[in-house]
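The exercises below are meant to be worked through with the model open beside the text. Please attempt each task before reading its solution.

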Amino acid sequence: MSITAVEPWVEIPLRKFVEEARTVLGLLLHPSGQVVAQFGFARAVDVMSACALAAAIHASAGELGKQLDGKPFRGLHHPGRDRQLYLAEAATPRGTFIFLTVFDQESSLGLVRLYFDEFCKSLAAAAPAAPRRVEPVIEERFEQELNRNLSALFGRG
Amino acid sequence: MSSSPFASVLAALTRQRGVRASLVVDENDGIVVDSNLQIGQDGDRVAALAASLYRKARLSARAAQLGTATFMQLEAERGRICAAGRNDLVLVVVADPAANIGMIRVEMIKAAGGLP
C-alpha cells in the first residue's frame with residue numbers, strides 16, 4: 001500500500017493504521033479541504049474530489065450536529081453494499097484534521113473505530129510541538145496550496 | 001445491568017468462575033450489541049477483535065470444507081477469548097487462564113443456539 005504525506009510526521013501513524021485496520025483508501029485533510037496525506041488513491045484528481053467532498057460533508061455534519069445536539073457530530077459511518085466509509089475528526093497540537101477512510105469486508109466498523117482511536121493518539125503524539133499559524137479556511141493561496149500538496153503526493157503538478 | 005433480550009444469557013455466562021466479560025457482538029460490524037463486563041474490561045476493543053477473528057475462523061472452516069464453525073477459542077498468556085456464533089451474532093467470553101473452559105464452552109454453545 002502506497003502512502004504519501006505532505007507533512008512527514010503523519011506518515012508513521014498513518015502507516016500503522018493502514019496495516020492494522022486493513023482499510024483500502026484513506027485521506028487526511030485540513031477542514032478547509034487541503035490534503036495532508038493519502039493512501040490507496042491512484043490519481044490526484046480523485047484525491048482532490050474526495051477532499052472537497054469530505055470537507056463539505058464534515059462541515060455539514062458539524063452544523064447539523066450543532067442544530068440537533070448542541071455540538072458538532074464527530075464521526076460519520078456510511079455502509080455501502082461492498083464498501084463502507086468512515087469519516088471523523090482527529091485533534092492534534094497542530095489543529096484538527098479530518099480523516100476519511102474506506103473499507104471492505106476485510107475490516108469492520110468496530111476495527112476501524114478501534115484503530116482510528118489509536119491513530120488519533122499516535123498522530124497527536126507525533127505532531128511537532130510548535131503550533132502552526134491559524135489560517136483562514138479559504139484564502140487567496142488556496143488553489144496554489146492545493147496544487148502544491150497534490151504535486152507532493154503524486155509527483156506532478 | 002443490561003435489560004436487553006440477551007441480559008439473562010450474558011448474566012449466566014458471567015456467573016461462570018473466571019469469566020471477566022461476556023458480550024453479544026455483531027459479526028460483520030464488530031460492534032457490541034449487549035455486554036456484561038467486569039471493571040477494567042474494554043468491551044469495544046474485545047468486540048471488534050473477537051468478531052474479526054471469529055469471522056475469519058468461520059470463513060476458513062468453510063473454505064477448508066470443514067463445515068460450520070461452532071466454537072472458537074484463543075488461549076493467551078493472561079487469558080482466553082471464546083466465541084460462538086449464530087446468524088450474524090457472536091457470543092464472546094473473556095476468561096482467566098484458569099477458568100473451567102469446558103463448562104464455559106457448554107454454556108456458550110447452548111446460549112448461541114438461542115440467539116435470534
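Two residues are taken to be in contact if their C-beta atoms, placed from the backbone, lie within 7 Å. This is a predicted model, in which local features need pLDDT of at least 70 and side-chain atom pairs count only at pLDDT 80 or more, while totals for chains, interfaces and linings use all residues. Residues are numbered from 1 along each chain as its sequence is written, and chains are lettered from A and ligands numbered from 1 in the order in which they are written.

**Exercise 1. Describe the contact between the chains and the classes of residue on the side of chain B.**

Step 1: the contact draws 5 residues from chain A and 10 residues from chain B. Step 2: sorted by class, the side of chain B that touches chain A comprises 4 nonpolar, 3 polar and 3 charged residues, where Ala, Val, Leu, Ile, Met, Phe, Trp, Tyr, Cys and Pro count as nonpolar, Asp, Glu, Lys and Arg as charged, and the others, Gly among them, as polar.

**Exercise 2. Set out the elements and the dimensions of chain B.**

Step 1: chain B contains 3 helices and 5 strands, the helices (H or I, at least four residues) and strands (E, at least two) being DSSP runs numbered from the N terminus. Step 2: along the sequence these elements follow the pattern α-β-β-α-β-β-β-α. Step 3: the radius of gyration of chain B is 13 Å, close to the 13 Å that the globule rule gives for 116 residues, so chain B is as compact as a globular protein of that length; the radius is taken over C-alpha atoms, and the rule is 2.2 Å times the number of residues to the power 0.38. Step 4: the C-alpha atoms of chain B fill a box of roughly 40 × 30 × 25 Å along the principal axes.

**Exercise 3. In what order do the strands of the sheet in chain B lie, and which strands stand at the edges?**

Step 1: the 5 strands form an open, antiparallel sheet in the order β2-β1-β5-β4-β3 (chain B), two strands being paired if DSSP finds at least two bridges between them. Step 2: β2 (32–37) and β3 (72–76) of chain B are the edge strands, and each has a single partner strand, so one side of each is left without a neighbour in the sheet. Step 3: from one strand to the next, the twist averages 15°, with axes fitted as lines to C-alpha atoms, for helices over the stretch in contact, and angles running from 0 to 180 degrees between N-to-C directions. Step 4: β3(B) pairs with β4 (residues 79–86) of chain B over 5 bridges in the antiparallel sense, and C82(B) in β4(B) is the bridge partner of Q73(B).

**Exercise 4. Place the helices of chain B against the strands, and identify buried residues in α1(B).**

Step 1: helix α2 (residues 43–63) of chain B lies across β1 (19–26), β2, β3, β4 and β5 (89–95) of that chain, at about 65° to β1(B). Step 2: helix α3 (residues 101–113) of chain B lies across β1, β3, β4 and β5 of chain B, at about 25° to β4(B). Step 3: in helix α1 (residues 7–14) of chain B, V9(B), L10(B) and L13(B) are buried, a residue being buried if 20 or more other C-beta atoms lie within 10 Å of its own, exposed if 12 or fewer, and partly exposed in between. Step 4: the buried residues of α1(B) pack against β1, β2, β5 and α3 of chain B.
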